[in-house]
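Please consider the two chains shown below, and follow the account from one chain to the other.

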Amino acid sequence: MLFYIVKRLLVLPLVLFLLSALVFSLVLFLSPYERLAVFIPNADSVGSNIPFDELVERYGLNRPFHQQYALWLSQVLRGNLGWSPSARMPVAAAIAKYFPATVELMLLGAVIIFAGGIALGTYAATHHNRLPDQVARVATSFGVALPEFVFGLLLLVVFYGWLKLFPPGRLSTWAEDVVYLSDFHRYTGMHLIDSLLNGRFDVFADALRHLVLPSIAYSIGMLSTMLRMMRSSLLETLQMDYVTTARAKGVTERVVTIKHARRNALLPVVTLAGSIVAKMLGGAVIVETVFNYRGMGKFIVSAAQGLDFPAILGASLLIGLIIILTNLVIDLLYTVLDPTVRLE
Amino acid sequence: MGRTRWVVLGILVALLGGGAMAQSVNSPGTFIKATINSVETLDPQFMLSSATTELSFNVYDSLLDHPQGDLETLIPGLASVVPTADNGLIVVAENGTTYITFPIRTGVKFHNGAVLTPEDVAYTFKRALLVGGQASSINMLCQNLLGKASFSDLVDEVGYDAAYAQLDAMVTVADNSVTFKLPKPFVPFLGILADGGSGTGILNKAWCIEQGCWPGTKETGQAHMNKTMEDDPLFGAMNGTGPFMLASWEPMERVVLERFDGYWQGAPALERVIRRIVEDTQTAILMLKNGDVDFTTVDVADLPQVQGAEGVTVLDNLPSTWLMKINFVMDIAANSSFIGNGTLGDGGIPTDFFSDLDLRKAFQYSFDWDTYINEVFLGAALKPYGPVLIGFPTANPDNPQYYFDLTKAEEYFRKAWGGEVWEKGFHFTAVYSTGSTHRQRALEILKHGVESLNPKFRIDLASLPWAAHVAAIQNKQLPFSLFGMLPDVFDPYLPLFEHMHSAGGYANWSGYVELAKREFDPLIDELGSNYDPDRRRELSYELQRLDYEYSLSIFHFQAVEHVAMRDWVDGYYVGPFPFNLDFYALSKR
């Protein structure tokens with residue numbers, strides 16, 4: 001297995017190189033002047049303080065593709081992903097700021113999706129065609145069909161507007177003052193973890209309170225999908241001969257379901273989980289906008305709208321890395337769940 | 001299992017109890033504004049958006065100022081006296097060279113404790129021009145102090161040594177005063193220096209140099225020319241003389257200002273101001289109703305949500321200084337992909353299509369203002385008089401106006417290009433910026449009006465991302481450019497210069513530089529140099545009339561703004577930018 005992991009990781013730089021070259025080449029479909037337009041920050045402005053011709057020269061935007069790419073790559077290898085005008089900070093700093101926010105949202109959302117999806121899917125499958133199963137089927141139809149922004153706004157109106165329980169944003173004002181203006185150490189950029197490491201349980205509670213609604217809004221569609229996948233996979237597995245044999249040997253239904261059937265039913269669920277994780281780590285612009293929770297989704301969309309190519313390239317590399325690593329973890333999980341699977 | 005239940009219960013109490021506690025907290029000393037507009041830089045000389053200049057307005061001071069809400073009167077700011085000809089502080093030589101002297105107020109402190117000196121003032125303006133400051137007031141000053149759009153243009157023309165000599169002579173220091181030397185009289189000059197700390201906020205020279213800015217010498221000047229945002233040492237730092245000082249800036253999230261107790265006009269009532277980015281208006285409205293923010297702007301469609309809401313005061317239909325126009329481009333680039341085959345007919349339009357006056361007038365009469373303002377703004381917008389904004393000095397309500405009249409439109413279409421337009425038709429693509437509803441609807445309404453007259457008239461619509469849209473405008477790719485004006489100095493010269501002067505932006509982008517030089521420049525130059533208010537009014541009226549005669553643009557709306565705030569907010573007054581706040585005037589009951 002170790003050899004397999006090393007082999008997969010060795011391919012990683014090659015894949016990222018090809019990905020970056022592909023994205024970079026797409027960028028070059030735009031003229032140098034269009035690529036400079038990111039220096040026009042807003043709708044009130046029509047120019048830069050520096051003539052466009054000079055900016056084109058300064059940033060080498062009229063050089064051949066291989067020269068521009070080599071220049072960019074040499075900077076990246078030194079850890080410099082460039083400056084993001086749309087984020088008002090270096091690309092690396094922007095990713096370091098927004099990625100932890102997305103990871104926090106993903107972690108809480110993942111708990112909801114995976115724990116909830118697997119548990120509820122199991123329950124629905126083991127109560128096939130009875131009330132719990134029927135409720136699950138109807139509810140998941142709504143969950144999949146309901147747009148995130150509609151559900152998110154509903155949650156906000158009810159739980160914040162009426163009940164004043166879960167406010168938008170990442171932190172309350174007082175907690176932001178603690179995090180940004182005091183001697184609070186930001187180790188990871190994730191407020192949940194950093195607050196515990198700083199011994200500030202009040203900030204932890206505040207951060208958690210702010211995560212509740214966006215993670216629910218974010219998860220509802222994927223929870224529904226996960227639940228359905230678990231249910232159908234388990235239903236299929238419960239029909240297998242070895243399950244019938246186990247029952248015939250007198251094994252309790254609970255043990256049959258959890259120990260024998262569910263483990264095998266998890267294989268397609270794990271595949272789905274991998275794609276869900278990769279998707280979540282790319283951010284959720286709608287949820288982030290509604291709940292004023294700025295993460296990778298808003299960062300990437302702002303960069304795309306503003307033709308902020310350093311940010312687009314940096315985000316592409318990150319997303320590519322996430323997908324590759326996620327797929328590797330999924331492949332390794334297969335061997336855990338099903339020892340008959342061999343890694344090649 | 002029992003212990004687990006207690007842990008879960010504890011977390012729930014913390015979550016919900018935290019919620020309950022937050023509702024009872026209401027910091028009287030902290031004012032929180034929710035805004036969609038993020039700050040692009042903290043350097044006042046590079047601030048571009050009107051929303052961002054709110055920051056420098058409250059952190060920096062300028063030499064002059066206006067009384068609250070009165071933009072026609074000048075009062076001393078960091079200068080102790082308003083220069084006039086009567087008090088001898090404005091001297092116009094026989095050759096037109098104008099010397100304006102500002103005695104500098106003494107005992108004024110910067111936020112870092114340094115004391116204001118005339119050298120700070122001189123450094124501020126020299127630095128602004130040398131580094132290529134982008135604030136509109138800086139651009140105006142450069143044009144009128146150095147005679148060029150930028151210092152680097154001057155360097156290109158005369159060389160660095162000569163350009164620096166001119167820069168150095170532009171402002172001199174003597175006897176606790178600063179004297180500006182203008183090549184010719186420039187009437188808006190004092191108004192520009194009264195922007196309340198926006199673009200012309202005074203910097204502390206020593207502090208700037210400590211941050212890595214230009215040291216103020218000729219030898220080091222070239223290395224500091226044409227700074228980009230990421231290279232600007234003042235990108236993330238502020239140190240002014242204003243009532244508030246910068247506490248922190250988390251880009252795209254919030255800016256926190258704290259009270260400056262040493263402010264020369266007395267400490268403000270508020271202890272802290274937080275300018276928080278909230279990009280969804282529904283979220284901002286909910287936060288306002290819950291008291292988590294004190295102020296926000298509201299779109300007209302959202303007004304019913306806040307009007308009558310408990311604890312919320314709404315001010316609607318406040319005139320602002322944002323004017324939008326559809327500009328005819330009279331010399332479209334030959335490689336434009338929006339003009340079809342480049343010849344008049346059902347396949348395209350020629351590059352000089354809009355150089356025909358009758359054609360431009362035909363388009364004017366094809367635009368349905370009433371439908372546009374009612375549909376897009378639910379009636380909450382103004383039909384402009386012309387290039388001088390409503391509410392500005394010398395704006396002429398009796399200026400001849402175009403109005404929606406398809407009969408007249410047809411009359412002019414039949415005349416356009418000697419009748420060829422009506423006979424052959426035309427086909428081109430009009431472009432708006434992606435996501436800009438007001439631009440899109442403006443073009444849709446214009447398209448509808450035009451196409452209703454003749455089946456051979458075809459206008460397709462397309463969108464471009466904002467950045468690409470601006471690049472296309474700069475490169476004259478678009479038959480129309482939908483761009484407006486947002487003057488932040490209360491003088492008719494600025495919008496008229498921008499719209500009609502050959503050195504203004506629009507003459508170049510829209511292809512009427514020669515026309516401007518011939519017909520408009522002499523009048524605009526006189527408007528800028530003649531102090532006689534009656535003559536200025538005459539000139540302004542004539543220019544507004546000429547704009548109508550030459551039909552340079554369709555002025556399709558001037559915005560009004562709507563704001564909502566909590567009842568406990570005191571001191572808000574309406575300025576030219578209702579969404580920009582004077583935090584010094586505010587308090588919370």
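In this predicted model, Gly283(A) follows helix 12 of chain A and has a positive phi, near 95 degrees. Helix 12 itself covers residues 253-281 of chain A and bends by about 50 degrees at Arg262(A).

Helix 12 belongs to a chain with 15 helices and 2 strands. The C-alpha trace of chain A spans about 80 × 55 × 40 Å along its principal axes. Of the 344 residues in chain A, 40% are buried. Among the contacts in chain A with a separation of 6 or more, 71% are between residues 24 or more positions apart.

Ala92(A) offers a local view of chain A. This residue lies in helix 5 of chain A, which comprises residues 91-126. Is Ala92(A) buried or partly exposed? With 17 other C-beta atoms within 10 Å, Ala92(A) is partly exposed, because a residue counts as buried at 20 or more such atoms and as exposed at 12 or fewer. Beyond its neighbours within four places in sequence, Ala92(A) is in contact with Gly79(A) and Leu81(A). In addition, the C-alpha atoms of Ala92(A) and Gly314(A) are 7.6 Å apart, although 222 residues separate the two in sequence.

A helix pair in chain A may be considered next. Helix 6 (residues 131-145) and helix 10 (residues 201-237) of chain A pack with their axes 8 Å apart, at an angle of about 140 degrees. Helix 6 of chain A is therefore oblique to helix 10 of chain A, since an angle must be over 145 degrees to count as roughly antiparallel. The crossing of helix 6 and helix 10 of chain A is left-handed. From helix 6 of chain A, the residues that meet helix 10 are Ala136(A), Thr140(A), Gly143(A) and Val144(A). Their counterparts in helix 10 of chain A include Ile220(A), Gly221(A), Ser224(A), Leu227(A), Arg228(A) and Arg231(A). An α-helix has 3.6 residues a turn, so residues three or four places apart point the same way.

Chain B also contains a helix pair. The axes of helix 5 (residues 151-158) and helix 6 (residues 160-170) of chain B come within 7 Å and cross at roughly 135 degrees. That angle makes helix 5 of chain B oblique to helix 6 of chain B. The crossing of these two helices of chain B is right-handed. Helix 5 of chain B contributes Phe151(B), Leu154(B), Val155(B) and Val158(B) to the contact, and helix 6 of chain B contributes Tyr160(B), Ala162(B), Ala163(B), Gln166(B) and Leu167(B).

The strands of chain B come next. Four of them form an open antiparallel sheet in the order 4-5-7-6. Which strands stand at the edges of this sheet? They are strand 4 (90-92) and strand 6 (171-174) of chain B; each has a single partner strand, so one side of each is left without a neighbour in the sheet. From one strand to the next, the twist averages 20 degrees. Strand 4 of chain B runs antiparallel to strand 5 (residues 98-103) of chain B, and 3 bridges join them. Here Val91(B) stands opposite Tyr99(B) of strand 5.

Further pairings in chain B involve strands 8, 9 and 10, together with strands 1 and 11. Strand 8 (residues 244-250) of chain B pairs with strand 9 of chain B over 6 bridges in the antiparallel sense, with Met245(B) opposite Glu258(B). These two strands of chain B form a hairpin with 3 residues between them, and Met252(B) in the turn has a positive phi of about 70 degrees. Strand 9 (residues 254-259) of chain B is mostly covered, as 5 of its 6 residues are buried.

Strand 9 of chain B also runs antiparallel to strand 10 (residues 272-277) of chain B, with 5 bridges joining the two. Within this pairing, Arg276(B) of strand 10 is the bridge partner of Arg254(B). Strand 10 of chain B in turn runs parallel to strand 1 of chain B and is joined to it by 6 bridges; one bridge partnership links Ile32(B) and Ile274(B). Strand 1 (residues 30-35) of chain B is mostly covered, with 5 of its 6 residues buried. Strand 1 of chain B is also joined by 2 bridges to strand 11 (residues 295-297) of chain B, and this pairing is parallel. In strand 11 of chain B, Phe295(B) is the bridge partner of Lys33(B).

Methods: Residues numbered from 1 in each chain as written. Chains lettered and ligands numbered in written order. Predicted model: local features only at pLDDT ≥ 70, side-chain atom pairs only at ≥ 80, totals over all residues. Helix = DSSP H or I, 4+ residues; strand = E, 2+ residues; numbered from the N terminus. Contact = placed C-beta atoms within 7 Å. Pairing = 2+ DSSP bridges. Axes fitted to C-alpha atoms, helices over the stretch in contact; angles between N-to-C directions. Bend = angle between axes of the 7 residues up to and from the residue. Parallel < 35°, antiparallel > 145°, perpendicular 65-115°, else oblique. Left-handed = near helix turned anticlockwise from the far one by under 90°.
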